[in-house]
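Reader: I'd like to go through a model with you, feature by feature. Could you show me how to read each one?

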Amino acid sequence: MAQSSIEWTEMTWNLTTGCDKISAGCKFCYAEVMTKRLQAMGSPKYLDGFKIVKVHDSELHLPFTWKKPKVVFVNSMSDMFHKDIPLSFIQKVFDTMNQCSQHTFQVLTKRAELLVKYSDQLNWSKNIWMGVSVEDERVADRIEHLRNSGAAVKFLSLEPLIGPLSNLNLTGIDWVIVGGESGFKARPMNPEWVEEIQIQCKQQGVAFFFKQWGGKKKKLAGRELNGKTYDEMPVAA
């Protein structure tokens with residue numbers, strides 16, 4: 001496990017490593033950059049690099065060792081619903097999350113089709129929050145797949161937001177996170193896109209969390225929207 005600076009979680013739990021790019025949001029993948037760095041540092045889990053997807057059974061027991069309840073981002077360095085990760089391993093991860101009901105687990109994927117395909121074969125205890133990443137309208141169909149999953153708490157990560165999302169159907173969605181891309185080559189996020197999403201969340205009664213403006217200097221850009229910080233969490237939190 002690792003403490004996290006991500007605003008909407010407390011820590012990360014990475015049971016798989018490696019991934020590949022499937023949509024425009026992956027262009028400047030954070031996990032790819034971090035994997036190269038950790039590989040260069042000799043970190044054992046990352047020695048095979050980013051292009052090889054691996055599961056790590058040795059990580060499965062970790063939540064049993066945490067003494068206090070935690071909010072945990074599952075697989076920040078990979079995608080648990082990647083096609084190369086066996087359903088049997090995902091079921092092991094869910095079994096651990098089911099048994100550790102004191103913790104809240106936040107699972108995020110871009111592979112929403114596999115999510116809904118596997119959903120009936122997973123035990124969705126209430127402490128498992130399931131989300132999909134949607135960076136622009138081209139991948140908005142992921143939301144419908146999420147809606148059809150068995151998760152009790154469903155959320156959207158609209159990050160990096162690289163295009164408008166003007167007609168969001170938020171039926172059955174509990175939480176929306178919005179963030180701009182960060183880094184040297186960060187693509188710009190139009191403030192109007194963010195305002196439009198915030199209004200849609202308010203109109204449809206969905207919790208809204210504004211993570212960051214992003215850019216080359218994300219700390220300097222901050223995370224206020226119209227002079228206000230939005231840190232709303234789903235009712236189940």
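Author: Sure, and keep in mind that this is a predicted model. Let's start with lysine 21, which counts as partly exposed at 42% relative accessibility.

Reader: Which residue does the side chain of lysine 21 meet in a salt bridge?

Author: Glutamate 32, with an N to O distance of 2.9 Å. Glutamate 32 belongs to helix α1 (residues 30–40) and lysine 21 to the loop between β3 (16–17) and α1, so the salt bridge ties together parts that are eleven residues apart in sequence. Glutamate 32 has 18% relative accessibility and counts as buried, because the cut-off for buried is under 20%.

Reader: How many salt bridges does the structure hold?

Author: There are 13. One of them links the side chains of arginine 187 and glutamate 181 at 2.8 Å, N to O, and both of those residues are buried. Another joins arginine 223 to aspartate 231 at 2.5 Å, N to O. Aspartate 231 is partly exposed, its relative accessible area being 42%. Salt bridges can also share partners: Asp20, Asp79 and Arg111 are joined into one network that way.

Reader: On to the aromatics. What describes a pair of aromatic rings?

Author: Two things: the distance of the centres and the angle of the planes. In this model the count comes to twelve aromatic pairs. Take phenylalanine 155 and tryptophan 175: their ring centres are 5.4 Å apart and their planes are at 50°, so this pair is tilted. Phenylalanine 155 sits in strand β8 (residues 153–158) and tryptophan 175 in strand β9 (residues 175–179), so the pair ties together parts that are 20 residues apart in sequence.

Reader: Are phenylalanine 155 and tryptophan 175 buried or exposed?

Author: Phenylalanine 155 counts as buried at 0% relative accessibility, and tryptophan 175 counts as buried at 0% as well. Now try phenylalanine 210 and tryptophan 213, whose ring centres lie 4.8 Å apart with the planes at 75°, so that pair is edge-to-face. Phenylalanine 210 is at 0% relative accessibility too, and counts as buried.

Reader: Which residues form the aromatic cluster?

Author: Trp8, Phe73, Trp129, Phe155, Trp175 and Phe209 form one cluster. Notice that the tilted pair we just read, phenylalanine 155 and tryptophan 175, belongs to that cluster.

Reader: Where does lysine 216 lie?

Author: Over the face of phenylalanine 184, at 5.2 Å from the ring centre.

Reader: Let's do the backbone. What sign of phi do most residues other than glycine have?

Author: Negative, and most peptide bonds are trans. With that in mind, look at asparagine 75: its phi is positive, about 65°, although it is not a glycine. Asparagine 75 is placed in the loop between β5 (71–74) and α2 (87–99), and it is buried, with a relative accessible area of 2%. Then go to asparagine 226, where phi is again positive, near 55°. Asparagine 226 is in the loop between β11 (224–225) and β12 (228–229) and counts as exposed, at 63% relative accessibility.

Reader: And which residues does a cis peptide bond join?

Author: Glutamate 159 and proline 160, with omega about -5°. You'll find proline 160 in the loop between β8 and β9.

Reader: Last one, helices. Why do residues three or four places apart in an α-helix point the same way?

Author: Because an α-helix has 3.6 residues a turn. Our case is helix α5 (residues 191–204), which has 14 residues. From its first C-alpha to its last, α5 reaches 20 Å, close to the 20 Å expected at 1.5 Å a residue.

Reader: Which residues of α5 are buried?

Author: Trp193, Val194, Ile197, Gln198, Gln200 and Cys201. Looking down the axis of α5, you see these buried residues fall within an arc of 160°, so they line one face of the helix. Glu192, Lys202 and Gln203 are exposed on the other side of α5.

Reader: What do the buried residues of α5 pack against?

Author: Strands β8, β9, β10 (207–212) and β11. You've met two of those strands already: β8 holds phenylalanine 155 and β9 holds tryptophan 175.

Definitions and conventions:
Residues numbered from 1 in each chain as written. Predicted model: local features only at pLDDT ≥ 70, side-chain atom pairs only at ≥ 80, totals over all residues. Heavy atoms only, no water. Phe/Tyr/Trp six-rings, centres within 6.5 Å; stacked < 30°, edge-to-face > 60°. Helix = DSSP H or I, 4+ residues; strand = E, 2+ residues; numbered from the N terminus. Buried < 20%, exposed > 50% of the residue type's maximum accessible area, 1.4 Å probe, protein only. Lys NZ or Arg CZ within 6 Å of the ring centre and 35° of its normal. Salt bridge = Lys/Arg side-chain N within 4 Å of Asp/Glu carboxyl O. Expected span 1.5 Å × (residues − 1). Arc of directions from axis to C-beta. Contact = heavy atoms within 4.5 Å.
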